[in-house]
Amino acid sequence: MILTGNEIKKQVSESNIKISDFSNERINPNSYNYRLGKELKIFTGTDSLGNQIFEEVTIPEEGFVLEPGAMYLGVTEEVIGSSKYAMSLIGRSSLGRYGLFLQVSANLGHTTSCHRWTLEIYACKKIKVYPLMNIGQVSFWDNYGEVTCFGKTYANFNLPTETVEK
Amino acid sequence: MILTGNKISEEISNERICIEPFQMDQITTNSYDLRLGNKYLVYTQDVIDTKQPPTYEEKEIPDDGLVMKAGDFILGHSEEIIGSNHYVPLIHAKSGTARMGLFVHVTADLIDIGSIGNSTFQLYATLPVKIFKGMLIAQVTFWVPEGKIDLYQGKYQHSRGPQPSRTYLDHVT
């Protein structure tokens with residue numbers, strides 16, 4: 001089952017869900033809006049071994065234009081997590097309507113992870129984004145079965161983090 | 001929990017799910033197939049600014065189909081009016097659509113409970129693809145919520161036809 005906005009609020013108050021800077025204004029009927037952190041990484045190419053290189057930038061107050069075809073790694077402003085529920089992080093429909101991918105196919109947030117989530121950002125059209133804008137939403141889903149954490153990789157990071165797969 | 005096709009059909013009879021027009025042969029095992037409506041939108045500005053209202057043109061899909069080039073992004077819509085005050089809908093491409101390299105949404109599959117209207121499709125082509133009005137392009141699933149429900153009263157309620165982004169309203173306080 002997917003939690004309603006009221007249930008998300010209740011589970012935050014009971015500490016079963018952690019959302020930093022929690023605000024009732026960002027509650028939706030069945031999700032919570034998260035904001036874009038100011039840290040951004042831009043894919044700039046590969047090194048001689050074929051490893052991907054990302055350059056770090058800070059999104060200025062006056063906004064930053066994302067170019068189509070480029071790949072960016074952003075981060076949620078909020079620390080988001082739960083030891084009780086599984087999560088799905090997606091973009092807001094208002095951003096999807098501009099052709100802005102907020103996750104490239106990997107929307108699942110594992111139960112027990114709690115951190116600032118890296119966002120895989122891909123723009124279909126040139127688009128200007130701003131720090132701390134509402135950019136996506138997270139929903140919370142009941143588990144079926146006993147929860148065991150089988151290890152954490154990206155949940156140990158709070159800044160935009162590229163792949164660590166080798 | 002996800003509803004089965006039989007349950008979707010039953011809840012339409014009980015008026016707990018809205019799909020109009022409804023056709024029994026669009027029910028699938030776990031979803032309902034959605035048809036592509038006849039209108040689409042194209043943004044006309046070079047750079048979209050999420051703080052400003054967008055400029056766009058509304059067009060009609062020709063009878064003999066619309067060719068999207070790889071990299072093209074347009075907004076289409078479902079022919080059907082869909083929604084529920086009791087279940088959470090999720091939008092997906094039909095697998096056949098995805099196999100043509102066409103996304104029907106780029107990030108936002110989740111529909112708010114209580115949102116009733118045409119669904120706007122975020123159509124992004126990764127290959128050249130020809131689309132036709134009335135084609136079965138997407139599907140909607142319905143999921144059981146947990147907790148007290150407050151119905152959607154947002155900016156896209158009662159949508160008819162493709163709806164451009166209104167993210168600039170987020171910056172107005």
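These notebook entries record what I looked up in a predicted model of chains A and B.

**Entry 1: chain A as a whole**

I began with the secondary structure of chain A and found two helices and 13 strands. I then looked up the radius of gyration of chain A, which is 16 Å. The globule rule gives 15 Å for 166 residues, so chain A is as compact as a globular protein of that length. Along the principal axes, the C-alpha atoms of chain A fill a box of roughly 45 × 35 × 25 Å. I noted that 40% of the 166 residues of chain A count as buried. For contacts in chain A with a separation of 6 or more, I found that 74% join residues 24 or more positions apart.

**Entry 2: where the chains touch**

How many residues does each chain bring to the contact? I found 39 residues from chain A and 38 residues from chain B. I next asked which elements of chain A supply at least two residues each to the side that touches chain B. Among them are helix H1 (5-13), helix H2 (93-96), strand E8 (86-91) and strand E13 (134-141). I sorted the residues on this side of chain A by type and recorded 16 nonpolar, 15 polar and eight charged.

**Entry 3: a sheet with strands from both chains**

I followed strand E12 of chain A, residues 127-129, and found that E12(A) pairs with strand E4 (residues 48-49) of chain B. The pairing is parallel and has two bridges. In this pair, A:Ile127 stands opposite B:Ile48. I then traced an open sheet of three strands, in the order E6(A)-E12(A)-E4(B), with mixed pairing. Strand E6 (64-66) of chain A and E4 of chain B stand at the edges; each has a single partner strand, so one side of each is left without a neighbour in the sheet. As background, I noted that strands of a sheet pair through backbone hydrogen bonds, either parallel or antiparallel.

**Entry 4: a sheet in chain B**

I also looked up an open sheet of three strands in chain B, with the order E2-E12-E8 and antiparallel pairing. Strand E2 (32-35) and strand E8 (88-93) stand at the edges of this sheet, each with a single partner strand, so one side of each has no neighbour there. The twist from one strand to the next averages 35°. Between E8(B) and strand E12 (residues 136-143) of chain B I recorded six bridges. B:Pro89 stands opposite B:Phe142 in this pair.

**Entry 5: A:Ala86**

Is A:Ala86, in strand E8 of chain A, buried or exposed? I found that A:Ala86 is partly exposed: 18 other C-beta atoms lie within 10 Å, whereas a buried residue would need 20 or more. Beyond its neighbours within four places in sequence, A:Ala86 is in contact with A:Gly109, A:His110, A:Thr111, A:Trp141 and A:Asn143. A:Ala86 and A:Asn143 are 57 residues apart along the chain, yet their C-alpha atoms are separated by 6.6 Å.

**Entry 6: the nonpolar core**

In soluble globular proteins, nonpolar side chains tend to be buried together. I therefore looked up the largest nonpolar core, which has 73 residues. Which members touch the most others? They are A:Leu100, A:Leu102, B:Val104 and B:Leu123. I examined B:Leu123 further, leaving out residues up to four places away in sequence, and its contacts include B:Met68, B:Phe73, B:Leu102 and B:Val104.

Methods. Residues numbered from 1 in each chain as written. Chains lettered and ligands numbered in written order. Predicted model: local features only at pLDDT ≥ 70, side-chain atom pairs only at ≥ 80, totals over all residues. Contact = placed C-beta atoms within 7 Å. Helix = DSSP H or I, 4+ residues; strand = E, 2+ residues; numbered from the N terminus. Nonpolar A, V, L, I, M, F, W, Y, C, P; charged D, E, K, R; others polar. Pairing = 2+ DSSP bridges. Buried ≥ 20, exposed ≤ 12 C-beta atoms within 10 Å, placed from the backbone. Core = buried A, V, L, I, M, F, W, Y, C linked by C-beta atoms within 7 Å. Axes fitted to C-alpha atoms, helices over the stretch in contact; angles between N-to-C directions. Rg over C-alpha atoms; globule rule 2.2 N^0.38 Å.
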